[in-house]
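This report is meant to be read with the sequence and the model side by side.

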2 protein chains.
Amino acid sequence: MSGTLLPYTLNRPIGIFDSGVGGLTVLKELRRKLPHRDFVYLGDTARVPYGRKPAAMVAEFAYGITEFLRGMGVEGVVIACNTASASALPELAGHFSIPIWGVIEPGVEAAAKLTRTGRVGVIGTKGTIASGAYQRRLEQRGLTVWARACPMLVHIVEEGLATSPECDLLLRHYLDGRGGIDTLILGCTHYPLLHDAIQRVVGDSVTLVDSAEALAQAVNGNLDASVGADPASGAPGRIVHFVTGDPLAFGHTAAVIGEVAGEVVPLPVTELIRLQQRGADLQVCAGPPGSAPGAGRAPAATTPSHPTAPAPPPSCAPDR
Amino acid sequence: MSGTLLPYTLNRPIGIFDSGVGGLTVLKELRRKLPHRDFVYLGDTARVPYGRKPAAMVAEFAYGITEFLRGMGVEGVVIACNTASASALPELAGHFSIPIWGVIEPGVEAAAKLTRTGRVGVIGTKGTIASGAYQRRLEQRGLTVWARACPMLVHIVEEGLATSPECDLLLRHYLDGRGGIDTLILGCTHYPLLHDAIQRVVGDSVTLVDSAEALAQAVNGNLDASVGADPASGAPGRIVHFVTGDPLAFGHTAAVIGEVAGEVVPLPVTELIRLQQRGADLQVCAGPPGSAPGAGRAPAATTPSHPTAPAPPPSCAPDR
């Protein structure tokens, strides 16, 4: 861990990460439920967007980020990014000994409770939809699924075009063919910003599920609300945002979501690449069956994950 | 300059920068004309896109980048980004003693030569169009101008959607109302990738102007082609790409433009912020009239700029 990060002494913070600013919608929900807790937010703006990148690349990014957050002493990590949740959650949960929450299972649960006809839709990035993560879980519950990748919607939000003609054009295009769904999961943390526009296109008979809200509920139920600033004092928890891109640019893009509360600190992406590299080094070594950490080696876990014991240390030295 | 950059000993390289991968279209054109020259490309992928950011912010970015490239010993700097050319070129050209070429003037010149009816259109990012940089220059030549900001088209290219229904939908939307133009400037380095789709929408009676090509022509006419690898040896020039974001992610996004030829080196965005800061420090000091370097103080220059003498050194120490 770089010495420059040492001043950020937080009280058992909760880690949250996203490819960029989208996860701020999740942070907002979490703060509403846990106002006295400290948070560390990591926005990987040097590599945004994740949506079109190969799943293996996104999984590597997620590994390095989780390793970084773990080094910050977080109590658990919230993957506030659907693409990363779809690509990396089972592997991360199998590798790390702290709880890791993803955005997909809470969204699926909420949709399953809400639907009356059993016909549920889900929209997300290319990566999220291609992974089939939502579809599989919904189908396992006996639901009929309509899924559609909407690659341009993240950009609509980040360009501040949520109420533009471009937005309406694209939404009508993407949501055409949704058939008789009565529930639609907004499977990307940016999409709640398009809530009203989407509701206009699908009509009032379709209920929209905001994954950020569902996730915050799930995390809240698994954490000790008494940790952090004394609730009686009314003092809010502290928030530090690490961003791999430019802090100024982060603030500018984040303005479409709302104000960034807390400090914004630049984190060289090379620091995360170094941590990823460590994961890759571990990957190539052959440990005892089931013990090797990293991508593709750990058993799949559900969300949230609470492994009963920490992963064993790597059984060989990096081979370079 | 960081010690890690020292191994990049190039022979009077030409510097090129862009907010991301778009400038690779300009690099491609330049290499076609100057195959034996060395190039340093800087892709500011940690802060992409520039198109919606305030002009003053983009000008600061451009200052830090030009300072970095100057430190690499470049013979001149090509701003292969319409937004940055529109926001920063006159100030940079007034401040630095090396030639700085922007993409706007060459595009305007090419369009003025091509139009028969005198009705010219230009499309670009929000920043480029809002600056009025193209419109002013075209109108100064007595031409009638139609201009339109197309904020989603960069994303269409970077998402690999150049031949998608989304692309056609958005192009028809943006190009509606173009009236009787007979020439259309593609005022963003990403747009040549949409050349065929745009041509289909506007029809064959409208000539498209590729600014990358026009800029390469202008730079070529101002440089000594004999510098670099010996043309007789047939050896191509060397290229180093510095990227502020993740090199892997750069390569992935760049694939929509074509192969990245040459080495890709991560450059912490904090290094550029430090160089910008130096510019900001200089800004607050009061030098003799006309001598203070930085934004808003130097006289506007045309493209390309060849100041007859280097700017005088700052006349005061930074105030912190």
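The sections below take up the relation between the chains and then one strand with its neighbours.

## Basis of the description

This is a predicted model, in which local features need pLDDT of at least 70 and side-chain atom pairs count only at pLDDT 80 or more, while totals for chains, interfaces and linings use all residues. Residues are numbered from 1 along each chain as its sequence is written, and chains are lettered from A and ligands numbered from 1 in the order in which they are written.

## Relation of the two chains

A turn of 180° with a shift of 0.0 Å along the axis lays chain A on chain B with an RMSD of 0.0 Å, copies being superposed by least squares on the C-alpha atoms of residues with pLDDT of at least 70 in both. That is the relation of a two-fold axis. The same surface serves both copies, in that 100% of the contact residues of chain A recur in chain B; two residues are in contact if their C-beta atoms, placed from the backbone, lie within 7 Å.

Of the residues of chain A, A:Ala46 comes closest to the rotation axis, with its C-alpha at 1.9 Å.

## Strand E9 and its partners

In chain A, four of the five residues of strand E9 (residues 239-243) are buried, so this strand is largely enclosed by the rest of the structure. A residue is buried if 20 or more other C-beta atoms, placed from the backbone, lie within 10 Å of its own; helices (H or I, at least four residues) and strands (E, at least two) are DSSP runs, numbered from the N terminus.

Strand E2 (residues 39-43) of chain A runs parallel to E9(A) and is joined to it by five bridges, with A:Leu42 opposite A:Phe242. Strand E10 (residues 263-266) of chain A also pairs with E9(A) in the parallel sense, over four bridges, where pairing requires that DSSP finds at least two bridges, and here A:Val243 stands opposite A:Pro266. From E9(A) the chain crosses through helix H11 (residues 247-254) of chain A to E10(A) in a right-handed β-α-β crossover, that is, the path from the first strand over the helix to the second runs clockwise with the strands pointing away from the viewer.

Key:
Buried ≥ 20, exposed ≤ 12 C-beta atoms within 10 Å, placed from the backbone.
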